[in-house]
Protein chains: 2
Amino acid sequence: MSYQGFTFVYIECADMAHLPEGASAHLRASPPEPSRKRLNTWQAIRAEVLRRIRAGEWPPGALIPTEQHLSVEMGCARATVNRALRELADSGIIQRRRKVGTRVAATPLRRTTLRLPAIRTEIEGMGAAYSYQLTECEARLPTPEAMRALQVDAQDPLLLVMSRHMADGQPHCSEAIWLNPRALATPDAVVFAVEPPQEWLARTLAVMQTSFSILAEPASGTCALNLGVEPGTPVLTIERVNSMDALPVSFARQFYPPKHRLIFDA
Amino acid sequence: MSYQGFTFVYIECADMAHLPEGASAHLRASPPEPSRKRLNTWQAIRAEVLRRIRAGEWPPGALIPTEQHLSVEMGCARATVNRALRELADSGIIQRRRKVGTRVAATPLRRTTLRLPAIRTEIEGMGAAYSYQLTECEARLPTPEAMRALQVDAQDPLLLVMSRHMADGQPHCSEAIWLNPRALATPDAVVFAVEPPQEWLARTLAVMQTSFSILAEPASGTCALNLGVEPGTPVLTIERVNSMDALPVSFARQFYPPKHRLIFDA
DNA sequence: AAGTGGTCTAGACCACTAA
DNA sequence: TAGTGGTCTAGACCACTTA
């Protein structure tokens, strides 16, 4: 993880070509050992397959040997080959279909993993001191956006909590959360003077389903004020809708200033 | 996948609570069948664990039973439990440590999967017609950004290719790619009049390692022109650095207009 | 009908780490 | 040192798809 200026890493990429971890098992009843070196960790097999693809031995669109074939060639169990190829398929490097076989992806549809930590974690992970300020907390009728996100009517009152998160005293992120009191026993507003709403939510509701959106938009007045930038400045917005059993309970919008990056490092 | 106005889905979330696929194996030597129902697919076990977490039986921070314990309780092999718990750990729902055990994550560090298709795929996936226009293609000295990304000196000439991608004739994405001729046999500029540079790259170099950044910034002049918006309009920028064997070969910046969203649907 | 990937099993050894 | 997760194996059955 790095921290240069405002930029920082908070995302990790699909794991590729890592080191073996639980490597080096099973030389037990080792057979007479053919001339070819034995590959018997799934990481080693993944690396070897990747190597052949990159080397052009298996060009884009080509079929590669079957699991059965590879397990014999590499001297390991088919399950091990399966694990390796499954990882590669999850990364979008290869495509697998029953009966047909495994093909090197012609179109590079890359899948990477996005880590979305709590903001406190994000800031402390940079080595900065985290602090939180409540800006506003009141009952409000939903905006059209909030109506859609939380699936409520225009007359349903919601709780709007606005706040900002600071890193070493500097504004890092401005946040607006709509809570649906009908779906969720909302606490006294006083709670949010101290505890960030997202943390209260996580503590209260355990595991939720969350859907995310990422977009760029101009900073609104409140957001600009919270971040200390001019209104209209581009901000990176992350929207999160938390649901319990398909019932949306909260709609959060987090705004980051222009220098902020989401970095997927490989 | 959905398409409402400008918004569209091109991302998928970590798979959770899906249906079994290769379900229903192994009632072979089924033992006398205890009163409790037998769960013997990893999807079923993952769903049951998730249910218990959501129901509060295993609150955030709590240790859950060991793989051994669960395999006995659910009547399946430990490997099956391992697969289920590994998936949950990959999603950030639980945290696993040897000797210690498995804990329900107290901090909701969610990991979701980001699909980054080629732009052609993205547009055609919306049901729109894809077209491509080359705007500019010339040798240039690198900007400081390009220098950093491609690890070259200020005197190294690079090839800069600027273009835009259209959906049903409307500007969808503006793109600027820097190619390093020292790392890559760059083609005649005429190639890029017809073929988008990313597709040429994918076709030519097979599998590369790619690192991504996402940020919001004001549209520059060329970008604004390509997208048909005012300069300074917030754009969502996706940066990609493609590398071969740790050697960066291309630095691409893709700019999307404000209405564009990356959607991670759950 | 046959071939390929997807999964489960039962057992084993290893890696890591708290006690 | 002991307990827990991480992995490999050899074999098996099943699901899906093309022929």
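The following questions and answers go through a predicted model, taking up the contact between chain B and chain A and then the protein surfaces near DNA strands D and C.

Me: How many residues of chain B are in contact with chain A, and what is the area buried between the two chains?
Reply: In this predicted model, contact involves 51 residues on the side of chain A and 52 residues on the side of chain B. Carbon and sulfur atoms give 56% of the area that is buried between the chains, and that area comes to about 4,900 Å².

Me: Which residue of chain A meets Glu145(B) in a salt bridge?
Reply: Between chain B and chain A the count is four salt bridges, and six residue pairs across the interface are found in polar contact, with both residues at pLDDT 80 or more. In one of the salt bridges, the N to O distance is 3.7 Å, and the side chain that meets Glu145(B) belongs to Arg261(A).

Me: Which element gives the most residues to the side of chain B that touches chain A?
Reply: The elements of chain B that give two or more residues to this side include the helices H1 (42–54) and H3 (78–90), and among the strands are S7 (110–116), S11 (209–218) and S12 (234–244). By class, this side of chain B has 27 nonpolar, 11 polar and 14 charged residues. With 10 residues, the element that gives the most is S11(B).

Me: Which residue of S7(B) stands opposite Leu114(A)?
Reply: Strand S7 of chain A, residues 110–116, is joined to S7(B) by seven bridges, and the two strands run antiparallel. In this pairing, the residue of S7(B) that stands opposite Leu114(A) is Thr112(B).

Me: Which element supplies the largest share of the surface near DNA strand D?
Reply: Around DNA strand D there are 31 residues, of which Thr41(A), Trp42(A), Thr80(A), Arg97(A) and Arg78(B) come nearest, and by class this surface has five nonpolar, 12 polar and 14 charged residues. At least two residues each are supplied by helix H1 (42–54) and helix H3 (78–90) of chain A and, from chain B, by H3, strand S5 (94–97) and strand S6 (101–104). The largest share is four residues, and the element that supplies it is H3(A).

Me: Where on DNA strand D is the oxygen that lies 3.1 Å from a backbone N or O atom of Lys99(B)?
Reply: Of the atoms of DNA strand D within 4 Å of the protein, 70% belong to sugar or phosphate, while the rest belong to bases. A phosphate oxygen of the strand lies 2.8 Å from a backbone N or O atom of Ala77(A), and a phosphate oxygen is 2.4 Å from a side-chain N or O atom of Thr80(A). For Lys99(B), the oxygen in question belongs to a base.

Me: Which residue has a side-chain N or O atom 3.4 Å from a base nitrogen of DNA strand C?
Reply: The residues that come nearest to DNA strand C, out of 31 around it, are Arg78(A), Thr41(B), Trp42(B), Thr80(B) and Arg97(B), and sugar and phosphate account for 71% of the strand's atoms within 4 Å of the protein. A phosphate oxygen of DNA strand C lies 2.2 Å from a polar side-chain atom of Arg97(B), and a phosphate oxygen lies 3.2 Å from a backbone N or O atom of Asn40(B). The residue whose side chain lies 3.4 Å from the base nitrogen is Arg98(B).

Terms used: Residues numbered from 1 in each chain as written. Chains lettered and ligands numbered in written order. Heavy atoms only, no water. Contact = heavy atoms within 4.5 Å. Buried area = accessible area lost by both parts, 1.4 Å probe. Polar contact = N/O pair within 3.5 Å; in protein donor to acceptor, adjacent residues only side chain to side chain. Nonpolar A, V, L, I, M, F, W, Y, C, P; charged D, E, K, R; others polar. Pairing = 2+ DSSP bridges. Near = heavy atom within 4 Å.
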